[in-house]
Amino acid sequence: MINYLWFIAVFCAFFVKGVCGFANTLIFSSIMSFGTSNINISPVDLLIGIPSNVIMVWKNRAKARARIFLPLAVLVVLGVIPGALFLKNADVTSVKILFGAVIIVVGLQMLIQERFLKPKEGSKPNPVVVVVLGLLSGIMCGLFGIGTILAAYVSKVSDDVPTFKANMCIVFLVDNVIRFVLYTMWGILTLESYKTAGLLLPVMVIGLVTGMLLSKKLKESTVKNVVIVMLIISGISLIINSIIK
């Protein structure tokens with residue numbers, strides 16, 4: 001049964017996505033987990049997440065770069081296949097804690113660089129760091145549908161916020177389509193999921209558009225700081241939720 005908490009969670013989640021381009025799943029799941037099972041949260045998050053990513057990609061389509069999104073899209077596709085086996089046979093909790101720690105370290109490194117060690121004009125990120133983050137982001141997104149390392153990777157190779165949003169949301173779309181097919185095959189997407197998503201869709205649009213409009217008013221550096229803070233919060237949340245569960 002849908003209640004007011006769903007509407008609050010969706011607005012907050014997609015408002016933040018409109019501002020910084022990601023973290024909607026983190027916020028939505030965190031709020032809804034107080035009284036709803038994950039099996040009911042994930043399908044709805046997926047169904048309203050697909051149109052949100054379409055909107056974000058279309059809005060920033062001029063900044064899409066194949067050199068950024070294609071390798072990650074391939075890694076996400078490849079990550080889904082071993083993911084099903086891995087989740088059945090491995091200790092997922094310890095892996096999520098490890099990834100959470102990596103996210104925090106990357107976020108702190110980005111914060112220090114942004115505030116105190118800003119790179120020179122035209123300089124490029126360390127290729128080793130980029131490759132490692134690219135591999136981790138593809139695996140993490142493919143296995144768990146978590147895009148925080150993806151955000152860290154894309155921020156490293158993006159010149160500005162629109163480029164960051166466009167390329168990251170393209171990869172999110174690829175992940176969404178794969179999970180949509182799998183959720184349909186496995187019977188996770190039910191009629192109730194579609195009904196709930198349909199009711200929440202207008203709220204998602206309002207939250208997303210509001211966030212996008214606000215991001216235009218903010219300085220580029222402010223939006224980057226929001227991205228970094230959300231990365232660090234995501235890592236902490238991932239560790240805490242993994243330990244509690």
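The following exchange asks how several descriptions of this predicted model are reached.

Trainee: What makes the confidence in this model uneven across the elements of the protein chain?

Mentor: The mean pLDDT of the protein chain is 79, and 76% of its residues reach 70 or more. Among the elements, helix α6 (residues 127-144) has the lowest mean, 66, and helix α9 (residues 191-217) has the highest, 94.

Trainee: What is the secondary structure of the protein chain?

Mentor: The count is 10 helices and zero strands. Of the 245 residues, 48% count as buried. Of the contacts with a separation of 6 or more, 83% join residues 24 or more positions apart.

Trainee: How do you know that the length of helix α8 agrees with what its residues should span?

Mentor: Helix α8 covers residues 161-185, which is 25 residues. At 1.5 Å a residue they should span 36 Å, and the end C-alpha atoms are 36 Å apart, so the two values agree. Just after α8, Gly 187 has a positive phi of about 75 degrees.

Trainee: Why is α8 called largely enclosed?

Mentor: Because 18 of its 25 residues are buried, α8 is largely enclosed by the rest of the structure.

Trainee: Why are α1 and α8 called oblique to each other?

Mentor: The axes of α1 (residues 4-20) and α8 cross at roughly 130 degrees and come within 9 Å. Perpendicular runs from 65 to 115 degrees and antiparallel starts over 145. The crossing angle of roughly 130 degrees fits neither class, so the pair is oblique.

Trainee: Which residues make the contact of α1 with α8?

Mentor: From α1 come Lys 17, Gly 18, Val 19 and Cys 20, and from α8 come Phe 164, Lys 165, Met 168, Cys 169 and Phe 172. By class, that contact has six nonpolar, one polar and two charged residues.

Trainee: Why is Gly 18 classed as it is, buried or exposed?

Mentor: Gly 18 lies in helix α1. Its relative accessible area is 0%, and the cut-off for buried is under 20%, so Gly 18 is buried. Leaving aside neighbours within four places in sequence, Gly 18 is in contact with Lys 165, Leu 208, Gly 211, Met 212 and Ser 215. The C-alpha atoms of Gly 18 and Gly 211 are separated by 4.1 Å, although the two residues are 193 residues apart along the chain.

Trainee: What makes Thr 190 and Thr 196 fall into their accessibility classes?

Mentor: Thr 190 is in the loop between α8 and α9. At 34% relative accessibility, Thr 190 is between the 20% and 50% limits, so it counts as partly exposed. Thr 196 is in helix α9. At 9%, Thr 196 is under the 20% limit, so Thr 196 counts as buried.

Trainee: Where does Val 44 come in for Thr 190 and Thr 196?

Mentor: Thr 196 touches Val 44, along with Ile 2 and Trp 6, not counting residues up to four places away in sequence. For Thr 190, the C-alpha atom is 9.7 Å from that of Val 44, and the two are 146 residues apart in sequence.

Trainee: How do you know that helix α10 has the span it should?

Mentor: Helix α10 (residues 220-244) has 25 residues, which at 1.5 Å a residue should span 36 Å. Its end C-alpha atoms are 36 Å apart, so the span agrees. Buried residues in α10 include Val 223, Val 227, Leu 231, Gly 235 and Ser 242.

Notes:
Residues numbered from 1 in each chain as written. Predicted model: local features only at pLDDT ≥ 70, side-chain atom pairs only at ≥ 80, totals over all residues. Heavy atoms only, no water. Helix = DSSP H or I, 4+ residues; strand = E, 2+ residues; numbered from the N terminus. Expected span 1.5 Å × (residues − 1). Buried < 20%, exposed > 50% of the residue type's maximum accessible area, 1.4 Å probe, protein only. pLDDT = per-residue confidence, 0-100. Axes fitted to C-alpha atoms, helices over the stretch in contact; angles between N-to-C directions. Parallel < 35°, antiparallel > 145°, perpendicular 65-115°, else oblique. Contact = heavy atoms within 4.5 Å. Nonpolar A, V, L, I, M, F, W, Y, C, P; charged D, E, K, R; others polar.
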